[in-house]
Amino acid sequence: PTLKHPPSVWTDGTLSLLAQGYAWLPDHMRASADGTVRTRLLGRRTVALRGPEAVAFFYDEQHVRRRAALPDPVLDTLFGQGAVHTLDGLAHRVRKAMFLSLLKDEKGIEALREHVLLRWREAVGRWREEPEESVVLFDETARVLALAVCDWTGVPATEPGGAQLARDCVAMVDGFATAGPRHLRARHARKRQEEALGRLVVRVREQRETAPDGSALDVVARHRDADGALLDPRPAAVELLNIIRPTVAIAWFVTFAAHALHRWPEHRGPLRGDVSGHLATGFAHEVRRFYPFAPFVGGLAARDLQWRGETVPEGTLLLLDLYGQHHDPRLWAHPYRFDPHRYATGESLRDLIPQGGGDAAEGHRCPGEDITVTLLAALVTELAGLDVSVPDQDLTIPLSRMPTLPRSGFRLRLA
Ligand code: HEM
């Protein structure tokens, strides 16, 4: 029966979500007798699910469509209008193949890792010039990643130090889930970068600018969608930004990794001796599980669905609880223990879904996961190798803020 639950459970939760942030869905899950949350978001009937069975249900392409699932305030800041995130069926498959060819190529990933290490070591060299000054790790890492991903995608980093691009990418992520000044900054940042990259794509097509063969700039400029047409400059810019922005966003995880190294310094020594890189990779996975970043993913019920004997009407917003799943004691032994060794057998990776679940080629799972793990592991190794002091600062991570970060951005000083 569709109306198994009285209408009162469908009260709109949008304001509570904005106020409670990461705690909102797990709180509702705890209060729910059957592990399914029924509410409304932006007036739309919403059902939130959690757990391996829910992952399979949500990532069944017959069940969920993405078109019209994301509200404009999220598209105008985080993802961009017309982004791959909003496509279904063949249109999605063809656009996604472009991302996979760029982002899943081992040689390409290794080249990006080298660009990042080069930019990172330049930054550390600068810190050494003024050893008495402390630096904010989050800001520094965002700049390192912005410069490196420009080197890699073939996009010229036009202003000194990539600072504006780094700030804009951070703003787009920082402002997607709020109203007010952070949201406005995110909109302006997106507009500025879409316009600049759109002009760049036009110049490449008119051969007034060269894009290195096989670079993301080259591939996106020449990509043809399912209808055989080139992308208009603005959607082309949107998709270039869908490579650049999330690469810069790895700065969130790097900052969380520094927080973990500070809180559990016993991992430092083993990471310094980790020749195989296995521990650094386990550490990267554990950062992605333990700390809050993407709270959930969403889509619309493509037709009337059956979820555990209950009808979920077509058009219902379905949410899959990512953050909550990572702290569910039925899936993780001692979920609040930070343990990079959990992944030794690889079995735990099945339930690790910080970047979505299912299959990246078939569905919407993040195509940048290998890049994220590779770059995060590389920078965890670099961080563990540095002798630093951590001055007094506010390292609390407010769960009510989305996205969140240690409040100070993690200040450190070379020792
Ligand atoms: C999709 C998380 C890094 C490119 C996604 C999704 C999540 C996610 C949750 C949505 C999955 C879904 O809707 O089912 C993250 C996190 C990252 C990260 C937490 C860490 C910073 C990256 C990187 C790239 C990237 C480095 C590219 C270089 C994309 C793209 C999509 C996506 C293009 C859309 C895929 C589709 O709709 O088919 N990511 N991601 N992401 N991500 Fe990531």
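Where does Phe410 sit? Here it is in the loop between E9 and E10, in a model that is predicted. The legends below go through the close-ups one at a time.

**View 1. Phe410 and the cis peptide share the loop between E9 and E10.** Most residues other than glycine have a negative phi, and most peptide bonds are trans. Phe410 isn't a glycine, yet its phi is positive, at about 70°. It counts as buried because 25 C-beta neighbours lie inside 10 Å, and the cut-off for buried is 20 or more. Pro403 is in the loop between E9 and E10 too, and a cis peptide bond joins Met402 to Pro403, with omega at about -5°.

**View 2. Three strands make an open sheet in the order E4-E10-E9.** The pairing here is antiparallel. Strand E4 (135-136) and strand E9 (388-389) are the edges; each has a single partner strand, so one side of each goes without a neighbour in the sheet. E9 and strand E10 (residues 411-414) are held in register by two bridges, in the antiparallel sense. Look for Ser389: its bridge partner in E10 is Arg413.

**View 3. Five strands make an open sheet in the order E1-E2-E8-E5-E3.** This one has mixed pairing. Strand E1 (37-41) and strand E3 (64-65) stand at the edges, and since each has a single partner strand, one side of each is left without a neighbour in the sheet. Helix H2 (residues 24-31) packs on the sheet and touches E1, E2, strand E5 (296-301) and E8. The direction of H2 makes about 140° with that of E1. Strand E2 (residues 44-49) and strand E8 (residues 317-321) pair in the parallel sense, over four bridges. Val47 stands opposite Leu318 in E8.

**View 4. Leu42 lies in the loop between E1 and E2.** Leu42 is another non-glycine with a positive phi, this time about 45°. Is Leu42 buried or exposed? It counts as exposed, because it has 12 C-beta neighbours inside 10 Å and the cut-off for exposed is 12 or fewer.

**View 5. Val219 is tucked into helix H10 as a buried residue.** Val219 is buried because 20 other C-beta atoms lie within 10 Å. Leaving aside neighbours within four places in sequence, Val219 is in contact with Met98, Ser101, Leu102 and Gly214. Thr153 is 66 residues away along the chain from Val219, and their C-alpha atoms are separated by 9.4 Å.

**View 6. Asp213 is in the loop between helix H9 (181-205) and helix H10 (216-222).** It counts as exposed, because it has 8 C-beta neighbours inside 10 Å. For a sense of distance, take Pro406, 193 residues from Asp213 along the chain: the two C-alpha atoms are 40 Å apart.

**View 7. A shell of 25 residues surrounds the ligand.** The closest are Pro246, Gly356, His364, Cys366 and Gly368. Helix H5 (89-103), helix H11 (233-263) and helix H15 (369-385) each supply at least two residues of the shell. Which helix gives the largest share? That's H11, with seven residues. By character, the shell divides into 15 nonpolar, eight polar and two charged residues.

Notes. Residues are numbered from 1 along each chain as its sequence is written. This is a predicted model: local features need pLDDT of at least 70, side-chain atom pairs count only at pLDDT 80 or more; totals for chains, interfaces and linings use all residues. Two strands pair if DSSP finds at least two bridges between them. Two residues are in contact if their C-beta atoms, placed from the backbone, lie within 7 Å. Axes are lines fitted to C-alpha atoms, for helices over the stretch in contact, and angles run from 0 to 180 degrees between N-to-C directions. A residue is near a molecule or strand if its C-beta atom, placed from the backbone, lies within 6 Å of it. Ala, Val, Leu, Ile, Met, Phe, Trp, Tyr, Cys and Pro count as nonpolar, Asp, Glu, Lys and Arg as charged, and the others, Gly among them, as polar.
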